[in-house]
Amino acid sequence: MQRYSRQLLLDCVDHAGQLNLANAHALVVGLGGLGSLTARYLAGAGVGNITLIDGDTVDISNLQRQVSYNEMHLGELKAKSLYNELRKVNSHLNIQFKSLFADSNNLPTLISSATCVLDCTDNMTVRRQINAATYRASIPLFIAAASGLTWQALNLPQNSNSCGCYECLVNRISVREDCMSKGVLGPVVGMAACHQATQALLFLAKGFDADIKWGHYLTGNAGLGSLQSFALPPSSTCEVCNDAN
């Protein structure tokens, strides 16, 4: 009660929601600036089961925006380093890590027991594979990305005919989410991570009764302080949606 006292006061969490968080399983794919911070918020909020997925190691260029790591972590596997840090936050949680890169072959097994998946990757190919796997398994997916001074987010129920999936999005618009070529300011990544963590926590606490928007592509401009969004309907030519249906 003392640990979670501040969020227990919220109607969107309350005691029942806190129990739901304790019983939930969140799978975080990609442990860079997005995933490492998002996972920290999930652990702080008491998500009982968290699985961390990333095959990369900590590089000095990461420290500009990946706030969960420091110079002592250089050269270490991100998954193991973040696991050790999150255990310091709450040793009672069931946190697991896998130092590997997600792909179409291992994703069905990785997501099989997840209540939801958080896509924090920076690779469009992997993101499309995560979308396809979660859609076919009807597992809600929370996507976030950042580049330049903008960040993007998308909540997908992956079990509804009323909104599209990530494949529908890339079929409609040119999605450029590459901080390697465009650069990114550290706090912008944090904005995306905070939004993603908030959406996932609200869902894990209250399920589909949570007051969040599904199937809306959200873009924030940190420099202008602006937000834009548009609904993402299903695409009649989407291979993922059509194949699943």
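This is a dialogue about reading features in a predicted model.

Student: What should I know before I start?

Tutor: The model is predicted: local features need pLDDT of at least 70, side-chain atom pairs count only at pLDDT 80 or more, and totals for chains, interfaces and linings use all residues. Residues are numbered from 1 along each chain as its sequence is written, and side-chain values use heavy atoms, with hydrogens and water left out.

Student: How are helices and strands named, and which strand is joined to β2?

Tutor: Helices (H or I, at least four residues) and strands (E, at least two) are DSSP runs, numbered from the N terminus. Two strands pair if DSSP finds at least two bridges between them. Here β2 (residues 49–53) is joined to β3 (residues 94–98) by five bridges. The two strands run parallel. N49 stands opposite N94 in β3.

Student: And which way do side chains point in a strand?

Tutor: In a regular strand, they alternate between the two faces of the sheet.

Student: Which helix belongs with β2 and β3 in a β-α-β unit, and what is its hand?

Tutor: View the strands pointing away from you. A crossover is right-handed if the path from the first strand over the helix to the second runs clockwise. In this model, helix α4 (residues 78–89) completes the unit with β2 and β3, and the unit is right-handed.

Student: How do I check the length of a helix?

Tutor: The expected span is 1.5 Å times one less than the number of residues. Take α4, with 12 residues: its first and last C-alpha atoms are 17 Å apart, close to the expected 16 Å. Now take helix α6 (residues 124–137), with 14 residues: it should span 20 Å, and its end C-alpha atoms are 20 Å apart, which agrees.

Student: Which residues of α4 are buried?

Tutor: Buried means under 20% relative accessible area; exposed is over 50%, and partly exposed lies in between (1.4 Å probe, protein chains only). In α4 the buried residues are K78, A79, S81, L82 and L86. They sit on the same side of α4, because they cover an arc of only 160° around the axis. That arc is taken from the directions from the helix axis to the C-beta atoms.

Student: What covers the buried residues of α4?

Tutor: The cover includes α3 (33–45), β2 and β3. S36 lies in helix α3. S36 is itself buried, with a relative accessible area of 0%. Contact means heavy atoms within 4.5 Å. Leaving aside neighbours within four places in sequence, S36 is in contact with L31, Q66, S68, Y69 and L82.

Student: What is found at the start of α6, and what comes just after it?

Tutor: At the start, a side-chain oxygen of N123 reaches to within 2.9 Å of the backbone nitrogen of T125. Just after α6, S138 takes a positive phi of about 55°.

Student: Is T134 in α6 buried or exposed?

Tutor: T134 counts as buried, because its relative accessibility is 0%. Not counting residues up to four places away in sequence, T134 touches I111, V117, I139, L141 and Q158.

Student: Where is V13, and what does it touch?

Tutor: V13 is in the loop between α1 (5–8) and α2 (14–23). V13 counts as buried, at 9% relative accessibility. Beyond neighbours within four places in sequence, its contacts are Q7, Q18, L21, A205 and K206.

Student: How do β7 and β8 run, and what lies between them?

Tutor: Strands β7 (residues 216–221) and β8 (residues 226–231) run antiparallel, joined by six bridges. H216 has A231 as its bridge partner in β8. The two strands form a hairpin with four residues between them. In the turn, G225 has a positive phi of about 70°.

Terms used
A polar contact is a pair of N or O atoms within 3.5 Å; within protein, one must be able to donate a hydrogen and the other to accept it, and residues adjacent in sequence count only if both atoms are side-chain atoms.
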